[in-house]
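I had this one open at my desk today and kept a few notes as I went. Here they are, in the order I looked things up.

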Amino acid sequence: MPKIIENIKETILIKGKEMLLEGSYRDFNIRKLAKNCELGIGTLYNYFENKEVLVYNIFLSDWESTMNLADEMKEEKLPIREKLY
């Protein structure tokens, strides 16, 4: 019976980000990421066609989080200094 893993794409992005923060783009390895996510390499490639697309999606996810936080801060009645902090 196949193993069911929830939120695979999200898990890949989170673990991938952790690996990038610990190392570098050059050292970023799809095989190691698949192992860290407890996935087969083929499963990982079902979600991201290559290393470049995966890293792009990691950056995109971070950017979207930052923009959502900025939108939330616009609505708060705080001095700009506190919002930036």
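**Entry 1: Lys51**

Which side chain of opposite charge is nearest to Lys51, and how far away is it? I found Glu52, 6.1 Å away, and Lys51 has no salt bridge although it is buried. For charge, Lys and Arg count as positive and Asp and Glu as negative, with His and the chain ends not counted. A salt bridge here needs a side-chain nitrogen of Lys or Arg within 4 Å of a carboxyl oxygen of Asp or Glu. Buried stands for under 20% relative accessible area, exposed for over 50%, and partly exposed for in between, with a 1.4 Å probe and protein chains only.

Before going on, I noted that this is a predicted model, where local features need pLDDT of at least 70, side-chain atom pairs count only at pLDDT 80 or more, and totals for chains, interfaces and linings use all residues. Residues are numbered from 1 along each chain as its sequence is written, and side-chain values use heavy atoms, with hydrogens and water left out.

What does the side chain of Lys51 reach? I traced it to the backbone oxygen of Tyr25, at 2.8 Å. That is a polar contact (a pair of N or O atoms within 3.5 Å; within protein, one must be able to donate a hydrogen and the other to accept it, and residues adjacent in sequence count only if both atoms are side-chain atoms). Leaving aside neighbours within four places in sequence, Lys51 is in contact with Tyr25, Arg26, Phe28 and Ile30; contact means heavy atoms within 4.5 Å.

**Entry 2: helix α4**

Lys51 sits in helix α4, so I looked at that helix as a whole. Helices are DSSP runs (H or I, at least four residues), numbered from the N terminus. Helix α4 covers residues 51-75, 25 residues in total, and reaches 37 Å from its first C-alpha to its last. The expected figure is 36 Å, close to that; it is 1.5 Å times one less than the number of residues.

At the start of α4, I saw a side-chain oxygen of Asn50 within 3.1 Å of the backbone nitrogen of Glu52. The buried residues of the helix are Lys51, Leu54, Val55, Asn57, Ile58 and Met73. Their cover includes α1 (8-22), α2, α3 and α5 (80-84).

I also checked Asn57, which counts as buried at 18% relative accessibility. A polar atom of the Asn57 side chain lies 2.7 Å from the backbone oxygen of Val53. Not counting residues up to four places away in sequence, Asn57 touches Leu13 and Phe48.

**Entry 3: the core**

How many residues does the largest nonpolar core have? I read off 16, and Ile12, Phe28, Leu33, Leu44, Leu54 and Ile58 have the most contacts inside it. α1, α2 and α4 are the elements that give two or more residues to this core, and α1 gives the most, with 5 residues. A nonpolar core is a set of buried Ala, Val, Leu, Ile, Met, Phe, Trp, Tyr and Cys residues joined through side-chain atoms within 4.5 Å. In soluble globular proteins, nonpolar side chains tend to be buried together.

I followed Phe28 next: beyond four places in sequence, Phe28 touches Gly16, Met19, Leu20, Leu33, Lys51, Leu54, Val55 and Ile58. Met19, in helix α1, is buried at 12% relative accessibility. With the same sequence neighbours set aside, Met19 is in contact with Phe28, Asn29, Lys32, Leu33 and Asn36.

**Entry 4: salt bridges**

How many salt bridges does a search of the whole structure find? I got 2. In one, Lys17 pairs with Asp62, the closest N and O atoms being 2.8 Å apart. Lys17 lies in helix α1 and Asp62 in helix α4, so this pair ties together parts that are 45 residues apart in sequence. Lys17 is partly exposed at 32%, and Asp62 is partly exposed at 31%.

Lys74 also forms a salt bridge, with Asp71, at 3.6 Å between the closest N and O atoms. Both lie in helix α4, 3 residues apart, about one turn of the helix. Lys74 is exposed at 58% relative accessibility, whereas Asp71 is partly exposed at 39%.

**Entry 5: two loop residues**

Glu38 caught my eye: it has a positive phi of about 55 degrees although it is not a glycine. I placed Glu38 in the loop between α2 (30-36) and α3 (41-47), exposed at 57%. Lys77, in the loop between α4 and α5, is exposed at 81%.
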